[in-house]
Amino acid sequence: MLTLDKIYHASYVLKEVIRPTDMIKATNLSDECELYLKTENLQVTGAFKARGAYYKISQLTPEERAKGVIACSAGNHAQGVALAAQRYGIKSVICMPNSAPISKVEATKSYGAEAVLVEGTYDDAHDKAVELQKETGATFIHPFDDEMVIAGQGTIGLEILDQLPDLDAVIVPIGGGGLISGVAYAIKSLNPNVKVYGVQSAGAPSMYLSMAHSNIETLPSVNTFADGIAVKTPGELTFELCGKYVDEIITVTDDETATAILSLIEKQKLISEGAGAVSVAAALFDKLPIKGKKVCCLVSGGNIDVTILSRVIDRGLQKTGRLAEFTIALTDKPGELTTVSRIISKLGANVVAVSHDRADLNTDINSCYLRLSLETRNHEHIQKIKDELSKKGYRIVQ
C-alpha cells in the first residue's frame with residue numbers, strides 16, 4: 001500500500017541523486033491567477049521520472065539486482081531507469097517505441113542501458129518488455145503502475161507544499177497516472193484543501209475517459225506529439241488513486257500545448273516537452289476554475305527533440321497570430337508582386353517565404369497563385385492585412 005511514510009522515505013533516499021527543483025513565479029504567463037512553475041524539466045535526466053525509477057531500484061534485493069532490470073518507456077522513464085541502474089551497477093534493458101525522439105534514445109544509451117526499439121506505441125513497447133522479462137527473470141520497473149515508483153513521484157508533492165504552503169491548486173500532466181497519483185496522494189494527505197487537477201492530451205485521453213466512465217478504458221490509438229503522455233491504457237493502481245485524490249481531469253489540444261511551449265520559451269526562458277507543457281496549456285486557455293487562485297503548474301519534463309521543437313514553435317506562432325500564410329489570386333502581369341509587397345510592408349508585416357504558382361489548374365490562364373508566409377503581431381494584425389488586400393482588389397483564396 002502507498003503511504004505517506006513511503007513518500008517521505010523516498011525523499012530521504014533520493015537526496016543522493018535528485019535535487020529539489022525550483023518553484024518559479026511566472027508573472028508573465030497569466031493575468032487570471034498567481035501562477036508558479038515547478039520545474040521538473042530541470043531535473044536530473046531532464047524529467048521527473050528519475051525519482052520513481054531510482055526509488056524503486058534502490059529497494060531491490062541483492063538477488064533481484066543480480067538479474068538486472070527491464071523497463072518500457074517513451075524516453076523519460078528510460079533515462080531514469082538507466083541512471084539508477086548505472087548508479088547501482090545493474091544491467092538495464094529498455095524497450096522504447098521506434099517513434100521515440102532520437103535525443104531520448106541516445107540519452108538512454110549514454111547511461112549504459114541497452115535500448116530495444118519496438119515498432120508502434122508505448123503500449124507495444126510495454127508488451128515487448130513483459131515478454132523479455134519472462135525470458136530473463138529481470139525485474140520489471142513499471143513506468144507508473146507501481147507503488148514504489150508512485151512514492152518516488154510523490155516526493156514532488158512534498159516539495160510543492162514546502163515551497164508554496166498556501167497553495168490553492170496544482171495542475172499535473174497525466175499519461176499513465178503515476179505522477180499525479182503520487183503528487184495528489186502526498187498533497188491531499190497533508191492539505192486536503194488544495195485542489196489537484198490533471199491534464200491529458202486530447203489525442204490520448206485514456207485516464208480522462210476512464211474517470212468519466214468509471215472504468216479503465218483502452219484507447220484504440222493515440223495521436224499527439226506529447227509522446228511522454230501518449231498512453232493507451234492507464235494503470236489499475238493509478239486509476240484507483242486518481243479516483244480518490246484527483247479533483248478533475250481535463251484535456252488540451254496539441255495546438256494549445258504548442259502555444260504553451262512557445263510561451264514558456266519566450267516569457268520564462270524555459271524549454272518544455274509536450275507532456276510537460278500540458279499543465280501550462282490548461283492554465284493559459286482557461287480550462288480550470290483557477291481565476292484569482294495561487295496555482296502551481298508542474299512542468300514535468302524538458303526532453304524535446306530539436307526537430308520537433310522547430311515544428312512546435314511554428315505551430316505556436318500560427319496559433320497566436322505571429323505567423324500567417326496567405327494564398328492570393330493575382331493577374332499574371334508585371335508589378336503585381338511589388339504592389340502586394342508594398343501593402344504588406346506598409347502595415348508592418350514581414351514576408352519570410354514566397355511561392356509563385358502559374359501551373360495550378362484551378363486558376364485562369366492569365367492568372368496565378370501567390371503564396372506568402374508572413375511574420376505578424378497577432379490575429380488582429382492578420383485581419384487588417386487581409387482587409388487591406390481585399391480593399392485593393394486582391395482575392396484571398398486561403
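The following paragraphs describe the overall dimensions of the chain, one of its sheets with the helices packed on it, and two residues in separate strands. The structure is a predicted model, in which local features require pLDDT of at least 70 and side-chain atom pairs count only at pLDDT 80 or more, while totals for chains, interfaces and linings use all residues. Residues are numbered from 1 along each chain as its sequence is written, and side-chain values use heavy atoms, with hydrogens and water left out.

The secondary structure of the chain comprises 15 helices and 14 strands (DSSP runs numbered from the N terminus, with H or I over at least four residues for helices and E over at least two for strands). Along the principal axes, the C-alpha atoms occupy a box of roughly 80 × 50 × 40 Å. Of the 398 residues, 55% are buried (under 20% relative accessible area; exposed is over 50% and partly exposed in between, with a 1.4 Å probe and protein chains only). The exposed area of the chain is about 17400 Å², of which carbon and sulfur atoms supply 47% (Shrake-Rupley method, 1.4 Å probe; for residues, only the protein chains shown count as cover). Among contacts (heavy atoms within 4.5 Å) with a separation of 6 or more, 72% link residues 24 or more positions apart.

An open sheet of 4 strands follows the order β5-β4-β3-β6 with parallel pairing (strands pair if DSSP finds at least two bridges between them). Its edge strands, each pairing on one side only, are β5 (114-118) and β6 (139-140). Strand β3 (residues 69-72) is joined to β6 over 2 bridges in the parallel sense, and Ile-70 stands opposite Phe-140 in β6. Helix α4 (residues 76-88) packs on this sheet, touching β3 and β4 (92-97), and its direction makes about 170 degrees with that of β4. Helix α5 (residues 102-110) lies across β4 and β5 and runs at about 175 degrees to β4. These angles, from 0 to 180 degrees, are taken between N-to-C directions of lines fitted to C-alpha atoms, for helices over the stretch in contact.

Thr-327 belongs to strand β11 (residues 323-331) and is buried, with a relative accessible area of 8%. Beyond its neighbours within four places in sequence, Thr-327 contacts Tyr-369, Leu-370, Arg-371, Arg-395, Ile-396, Val-397 and Gln-398.

Val-354, in strand β12 (residues 350-357), is partly exposed, with a relative accessible area of 49%. Together with Leu-337 and Val-351, Val-354 makes a nonpolar surface patch of about 220 Å². Patches consist of residues with over 30% relative accessible area and no salt bridge, like charges being joined within 9 Å and nonpolar side chains (Val, Leu, Ile, Met, Phe, Trp, Tyr) within 5 Å; a salt bridge is a side-chain nitrogen of Lys or Arg within 4 Å of a carboxyl oxygen of Asp or Glu.
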